[in-house]
Amino acid sequence: MKSVHETSSSPVLGLLQCRISHPRINEVIDEIEAFESLGANHILMVTGPTGVGKTTLAKSLQTKILKRYAQAMQENAGLMPVVLIEARATSEMDFNWKLFYSDILEQLEGPEGTPPAVAYTVDPISNRVVHPQGNSKNTAAGLRKKVELALRARGVKVLMIDEGGHFTNVSEARMKRQTDALKSLSNCAGCQIILFGSYDILGVSRLSAQLARRIKEIHFSRYRVDSPDDCLAFNRFIQTVEKRANDYFGGLLVENSRVLQANTLGCIGTLMDVIRGFASRAHAQVEVSQELLDRCLLTEGQYAVILEEIRHGEARFESNIFRPGKTKSKNEL
């Protein structure tokens, strides 16, 4: 047991809210960048287990793209090379496209002082602002047209969509239409779309030949306990967390590295949820102890549900991989 000062965990909790990179994030970003040459009219789908850190990955990629275009953004205040949006869930049965388009337009307006995204052109004869053509702004079609024009006006290269499962949590027919709509948006707006989601977004590329050609799936995998390299990388990440926390945990996290990896199924996002919960409880009880850490681990029920989803998802992703020379049935040929 280690006693801690009553207020000492406050800065620790702040540190733990910051993004901490790790090898798997860098590997996936490298794979995403390898597909950049595909350009518009293609959708990259980044999928992995719940809690693997897809949102952190998306924000890390956004930061990297912004750094790449920093000079161009200084020269053009209206340039917005990347947009990160969440496909929000609502109480409605169908996906709310109007809300989705409105959220994109809100981001494209940018901070105060930035040239407006909706003032696309000025008529040289009348000197009047020319607004986008289309239906009423209150319709999905009208908003869609405005989004296309705004994305082009802002020079958006990449549109990243988090929580992509909200697009696919529908029937196959509707899923195909919605994915076709995203592909069309990518083509009309001239930007690449990257969709982030759990394993429930897998299978979209099998809905039609066109989608199979235009969708590229990227696996954001966990750190497996049966891989020595993964165990080493996971342990190094925990060491980084300990350093970030200024030794607040007294090495207890490193001592429990294998336990934490097994309990969180090697998912960094889930691990950080456990560690933040541990730090919060330690702050309340003014102590850091093994007993307290054990109480912050996933319960057997939570572990079982997540493990089942991971096993099913990894098996689905593995089945999507084509290996030359693999024997095929007559139906596959």
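Is cysteine 191 buried or exposed? In this predicted model, cysteine 191 is buried, its relative accessible area being 0%. Cysteine 18, by contrast, has a relative accessible area of 41% and is therefore classed as partly exposed, since that class covers values between 20% and 50%. The number of disulfides in the structure is 0.

The chain comprises 333 residues, of which 44% are buried. Its secondary structure consists of 15 helices and 9 strands. Among contacts with a sequence separation of 6 or more, 76% join residues that lie 24 or more positions apart. One pair distant in sequence is formed by aspartate 94 and arginine 174, which are separated by 80 residues along the chain and by 9.3 Å between their C-alpha atoms. Aspartate 94 is located in the loop that connects strand S3 (82-86) with H5. With a relative accessibility of 37%, aspartate 94 is partly exposed.

Three helix pairs were examined in turn. Two packed helices are described by the angle between their axes together with the distance between those axes. For helix H5 (residues 97-109) and helix H6 (residues 140-154), the packing angle is about 30° and the axes are 9 Å apart. H5 is therefore roughly parallel to H6, because the angle falls under 35 degrees. The crossing of H5 past H6 is left-handed. On the H5 side, the contact involves Lys98, Tyr101, Ser102, Ile104, Leu105, Leu108 and Glu109; on the H6 side, it involves Ala140, Leu143, Arg144, Lys146, Val147, Ala150, Leu151 and Arg154. By residue class, the contact of H5 with H6 contains 9 nonpolar, 1 polar and 5 charged residues.

H6 also packs against helix H8 (residues 172-189), at an angle of about 45° and with an axis separation of 9 Å. This angle makes H6 and H8 oblique to each other, because it lies between the limit of 35 degrees for roughly parallel helices and the lower limit of 65 for roughly perpendicular ones. H6 passes H8 in a right-handed crossing. The contributing residues of H6 are Arg144, Val147, Glu148, Leu151 and Arg152, and those of H8 are Ala181, Ser184, Leu185, Asn187, Cys188 and Ala189. The contact of H6 with H8 is made up of 6 nonpolar, 2 polar and 3 charged residues. Arg144, Val147 and Leu151 of H6 take part in the contact with H5 and also in the contact with H8.

Helix H2 (residues 23-34) and helix H3 (residues 54-68) form a further packed pair, with an angle of about 55° and axes 10 Å apart. H2 and H3 are thus oblique to each other, and their crossing is right-handed. From H2, the contact draws on Ile25, Val28, Ile29, Asp30, Ile32 and Glu33; from H3, it draws on Thr56, Leu57, Ser60, Leu61, Lys64 and Arg68. In the contact of H2 with H3, 6 residues are nonpolar, 2 are polar and 4 are charged.

Notes. Residues are numbered from 1 along each chain as its sequence is written. This is a predicted model: local features need pLDDT of at least 70, side-chain atom pairs count only at pLDDT 80 or more; totals for chains, interfaces and linings use all residues. Side-chain values use heavy atoms; hydrogens and water are left out. A disulfide is a pair of cysteine sulfur atoms within 2.5 Å. Buried means under 20% relative accessible area, exposed over 50%, partly exposed in between (1.4 Å probe, protein chains only). Axes are lines fitted to C-alpha atoms, for helices over the stretch in contact, and angles run from 0 to 180 degrees between N-to-C directions. Helices (H or I, at least four residues) and strands (E, at least two) are DSSP runs, numbered from the N terminus. Angles under 35 degrees count as roughly parallel, over 145 as roughly antiparallel, 65 to 115 as roughly perpendicular and the rest as oblique. A crossing is left-handed if the near helix is turned anticlockwise from the far one by less than a right angle, and right-handed if clockwise. Contact means heavy atoms within 4.5 Å. Ala, Val, Leu, Ile, Met, Phe, Trp, Tyr, Cys and Pro count as nonpolar, Asp, Glu, Lys and Arg as charged, and the others, Gly among them, as polar.
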